[in-house]
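I am opening a notebook page for a structure that is new to me. I want to look at its sheet, its core, one of its helices and its charged pairs, in that order.

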Amino acid sequence: MRLHTSLPLDRANSIIATALDLGRKASLLPLTVVVLDAGGKLVAMQSEDGSGLLRFEIAFGKAYGALGMGISSRLIRDRLSERPAFQNAIAAASDGQFIPVPGGVLVADSAGVILGAVGVSGDTSDKDEYCAIEAIKAAGFDPEPANPDPNWRTSSLSDHYPAST
């Protein structure tokens, strides 16, 4: 007898390898990729050389938050942007393991059953999300959201942070 696994290690590793490859092809900053099963357990993780120290926690929080809410982290951001008190409550309820920005993508089978989630961190959230979505598709699963933001290529960190003077 053995336990049923919602997202096997070989498929998780395939998602990670593809996400990292997509990041290199798009000349993204160094990425960290986390794959969680449906119960929120870490299945696999890789962090590229040069990826920041907190990138694991951010990628994990994106994936964990998506699983916890049952929607992608992009949709969490969009739905809760005007509700900071609720965002804070979710962060407290999850012991801080909740990052409400794109890059946390649900992994579903062809019947729509959620098998886990992928979190990516390292570049802009839209670029992180692109890598997760396309890697999930390449592994034969259905991502939620189904497609990256159409403007992912042009997102930039300078769009989010004012220039220093």
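The entries below record what I looked up, topic by topic.

**Entry 1: the sheet**

I began by noting that this is a predicted model. I then asked in what order the strands of the open sheet lie. I found five strands in the order β2-β1-β4-β3-β5, and their pairing is antiparallel. At the edges stand β2 and β5 (142-144), each with a single partner strand, so each has one side without a neighbour in the sheet. I also looked up the turn between neighbouring strands, which is 20 degrees on average when direction is ignored. Helix α5 packs on this sheet and touches β3, β4 and β5, and the direction of α5 makes about 10 degrees with that of β3.

**Entry 2: strand β1 and its partners**

I went next to β1 and asked how many of its residues are buried. The result was six of the six, so β1 is largely enclosed by the rest of the structure. Thr32, Val34 and Leu36 point one way from the strand, while Val33, Val35 and Asp37 point the other way, and all of them are buried.

On the side of β2, I counted on the pairing record: β1 and β2 run antiparallel over five bridges, and Val35 has Ala44 of β2 as its bridge partner. The hairpin of these two strands has four residues between them, and in it Gly40 takes a positive phi near 85 degrees. Towards β4, six bridges join the antiparallel strands β1 and β4. In β4, Gly116 is the bridge partner of Asp37, and Gly119 is that of Val34.

**Entry 3: the nonpolar cores**

I then asked which residues of the largest nonpolar core touch the most other members. That core has 27 residues, and the ones I was after are Ile15, Val33, Val35, Val118, Cys131, Ile136 and Phe141. Two or more residues come from each of α1 (9-25), β1 (32-37), β2 (42-47), β3 (104-108), β4 (114-121) and α5 (125-138). I added a general remark here: in soluble globular proteins, nonpolar side chains tend to be buried together.

I took Val118 as an example and left aside its neighbours within four places in sequence. Its contacts include Ile15, Val33, Val35 and Ile136, and also Ala63, Val105, Val107 and Ala132. A second, separate core has nine residues, among them Val34, Leu36, Phe60 and Leu106. Val34 and Leu36 of this second core point the same way from β1, while Val33 and Val35 of the largest core point the other way.

**Entry 4: helix α3**

Which residues of helix α3 (residues 73-80) are buried? I noted Ser73, Arg74, Ile76 and Leu80. They cover an arc of only 160 degrees around the axis, which puts them on the same side of α3. The buried residues of this helix pack against α2, α4 (84-93), β3 and α5.

**Entry 5: salt bridges**

A search of the whole structure gave six salt bridges, and I looked at some of them one by one. As a general point, side chains of opposite charge can pair when their charged atoms come close.

In the pair of Asp21 and Lys25, the closest N and O atoms are 3.1 Å apart. I asked why these two can meet within helix α1, and noted that, being four residues apart there, Asp21 and Lys25 are separated by about one helical turn. Asp21 is partly exposed, at a relative accessible area of 36%, whereas Lys25 is exposed, at 66%.

The salt bridge of Arg24 with Glu48 has its closest N and O atoms 2.7 Å apart. It links distant parts of the chain, since Arg24 lies in helix α1 and Glu48 in the loop between β2 and α2 (55-69), 24 residues apart. Arg24 is partly exposed, with a relative accessible area of 37%, while Glu48 is buried, with 16%.

I closed the page with Asp78 and Arg77, whose salt bridge has its closest N and O atoms 2.8 Å apart. Both count as partly exposed, Asp78 at 43% relative accessibility and Arg77 at 29%.

Conventions
Residues numbered from 1 in each chain as written. Predicted model: local features only at pLDDT ≥ 70, side-chain atom pairs only at ≥ 80, totals over all residues. Heavy atoms only, no water. Core = buried A, V, L, I, M, F, W, Y, C linked by side-chain atoms within 4.5 Å. Buried < 20%, exposed > 50% of the residue type's maximum accessible area, 1.4 Å probe, protein only. Contact = heavy atoms within 4.5 Å. Salt bridge = Lys/Arg side-chain N within 4 Å of Asp/Glu carboxyl O. Arc of directions from axis to C-beta. Pairing = 2+ DSSP bridges. Axes fitted to C-alpha atoms, helices over the stretch in contact; angles between N-to-C directions.
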